[in-house]
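Thanks for asking for a guided first look at this one. Here is a friendly set of notes to read with the model open beside you.

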Amino acid sequence: MRTEIEMYNLILDIANQDDNIRAVYMNGSRTNDNVPKDIFQDYDIVYVVTDTRPYIENKNWIDRFGERLFMQYPDEHPDFPSDKENYYGWLMQFKDGNRIDLHVESISHSKKYILNDKLCRILLDKDKMFSMITKSTDEDYRVKRPSKEQYLCTCNEFWWCLNNVAKGMWRGEIPYVQDMLNFCVRKQLEKMLSWKVGIETNFSVSVGKSGKYMYNWLKAEEWNKYLSTYCSSNIEECWDAIFRMCDLFDDVSKYAGDKLGYIYNLSDSENCRMFLKHIRELPKDATQIY
């Protein structure tokens, strides 16, 4: 596996040998000093260029980065919009284990948007275009203090979406249940847990994508409770996980509400729990809910 120094030298050598590449910057985990380093960190690299077209039209120029195992052209996907004239990418997994998420970006586009992500580190700037860029920081990704409305809507969304989970469970529609649990309900629990972390750190940290770093600030018991809310396709295991999710959400929401000065709507919790318990015991041949 090529070393970090070897990868940076390769990335910069290619840029220095190409007059069309005017600057190179990097973002992502490698520019975040608060993220633990490991062998799976990508190189999120952007070449700022005078014209993106030559790179898009010449499919072989990326061979210079090494032998690829597999890759993706995200801007060629027909279901997603792209702006190839200004921004185009290649996601490359190499046979030696390294990965580069590489983009070429027009000068005008980079000047307009580069400040939108403070996790940005300039590696090369031939024309001194980006002298305003300071040390990279994850402050844009830190947990933000929620407003009263955000807190209340998160609580309501959690309990309301469990209505859909309940009917999916009764019908035995496990794919639907998993979608609702993990993409709707869990996101509210994740948000509430992140607010607890924010409260206890004075909103000075990032919990990472999908809350993957929350374990750094939650007690081990609480983190393990959260992990126990994930479930398999077994119906009874799913039901048990759902109620563990409810217990944890209740505890964390009451804590966050108390610290933030917001009143937790306990009736939503109580009524939803009663509904869930009723649906869990509802016979499969039932002709009406109540």
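The points below go through the sheet, the cores, the aromatic rings and a few single residues.

1. A word on the source before we start. This is a predicted model, and residue numbers start from 1 along each chain as its sequence is written.

2. Let us begin with the sheet. Six strands make up an open sheet with mixed pairing, and their order is β3-β4-β5-β2-β1-β6. The edge positions belong to β3 and β6 (120–125); each has a single partner strand, so one side of each is left without a neighbour in the sheet. From one strand to the next, the twist averages 25°. As general background, strands of a sheet pair through backbone hydrogen bonds, either parallel or antiparallel.

3. Now follow β1 (21–27). This strand runs antiparallel to β2, to which it is joined by 6 bridges. It also runs antiparallel to β6, with 5 bridges between the two. For landmarks, Y25 has V46 in β2 as its bridge partner, while V24 stands opposite L124 in β6. Is β1 enclosed by the rest of the structure or left open? Here 7 of the 7 residues of β1 are buried, so the strand is largely enclosed by the rest of the structure.

4. At the other edge of the sheet, β3 and β4 run antiparallel and are joined by 4 bridges. A useful place to look is F70, which stands opposite Q93 in β4.

5. A helix belongs in this picture too. Helix α1 (residues 4–16) lies across β1, β2 (43–49), β5 (99–106) and β6, and runs at about 10° to β2.

6. Which residues touch the most other members of the largest nonpolar core? They are L162, V165, L181, I242 and L276, out of 46 residues in that core. Two or more residues come from each of α4, α5 (174–200), α6 (220–227), α7 and α8 (266–281). Helix α7 gives the most, with 12 residues. To see this packing from a single side chain, try I242: leaving out residues up to four places away in sequence, I242 touches L162, V165, M169, L181 and L276.

7. There is also a second, separate core of 26 residues, and I21, I45, V49 and L102 are among them. In soluble globular proteins, nonpolar side chains tend to be buried together.

8. The aromatic rings deserve a tour of their own. The model has 15 aromatic pairs. In one of them, W61 and W90 meet edge-to-face, with 5.4 Å from centre to centre and 80° between the planes. W61 is in the loop between α2 (53–57) and β3 (68–72), whereas W90 is in strand β4 (residues 87–94); the two are 29 residues apart, so to speak linking distant parts of the chain. Both W61 and W90 are buried.

9. Another pair, F158 and F249, is stacked: the centres are 3.8 Å apart and the planes differ by 5°. F158 belongs to helix α4 (residues 148–171) and F249 to helix α7 (residues 235–260), so this pair ties together parts that are 91 residues apart in sequence. F158 counts as buried because its relative accessibility is 0%, and F249 counts as buried because its relative accessibility is 0%.

10. Rings also gather into a cluster: ring pairs link Y47, Y55, W61, F65, Y88 and W90. Two arginines sit over ring faces as well. R2 lies over the face of F94, at 5.1 Å from the ring centre, and R30 lies over the face of Y43, at 3.8 Å from the ring centre.

11. Is S106 buried or exposed? S106 is in strand β5, and its relative accessibility is 10%, so it counts as buried. Setting aside neighbours within four places in sequence, S106 is in contact with V48, V49, T52, E85 and N86.

12. Finally, have a look at K128, in the loop between β6 and α4. K128 has 65% relative accessibility and therefore counts as exposed. The C-alpha atoms of K128 and D285 are separated by 72 Å, and these residues are 157 places apart along the chain.

Definitions and conventions:
This is a predicted model: local features need pLDDT of at least 70, side-chain atom pairs count only at pLDDT 80 or more; totals for chains, interfaces and linings use all residues. Side-chain values use heavy atoms; hydrogens and water are left out. Rings of Phe, Tyr and Trp (its six-membered ring) pair if their centres lie within 6.5 Å; planes under 30 degrees apart count as stacked, over 60 as edge-to-face and the rest as tilted. Buried means under 20% relative accessible area, exposed over 50%, partly exposed in between (1.4 Å probe, protein chains only). A charge sits over a ring if NZ of Lys or CZ of Arg is within 6 Å of the ring centre and within 35 degrees of the ring normal. Two strands pair if DSSP finds at least two bridges between them. Axes are lines fitted to C-alpha atoms, for helices over the stretch in contact, and angles run from 0 to 180 degrees between N-to-C directions. Contact means heavy atoms within 4.5 Å. A nonpolar core is a set of buried Ala, Val, Leu, Ile, Met, Phe, Trp, Tyr and Cys residues joined through side-chain atoms within 4.5 Å.
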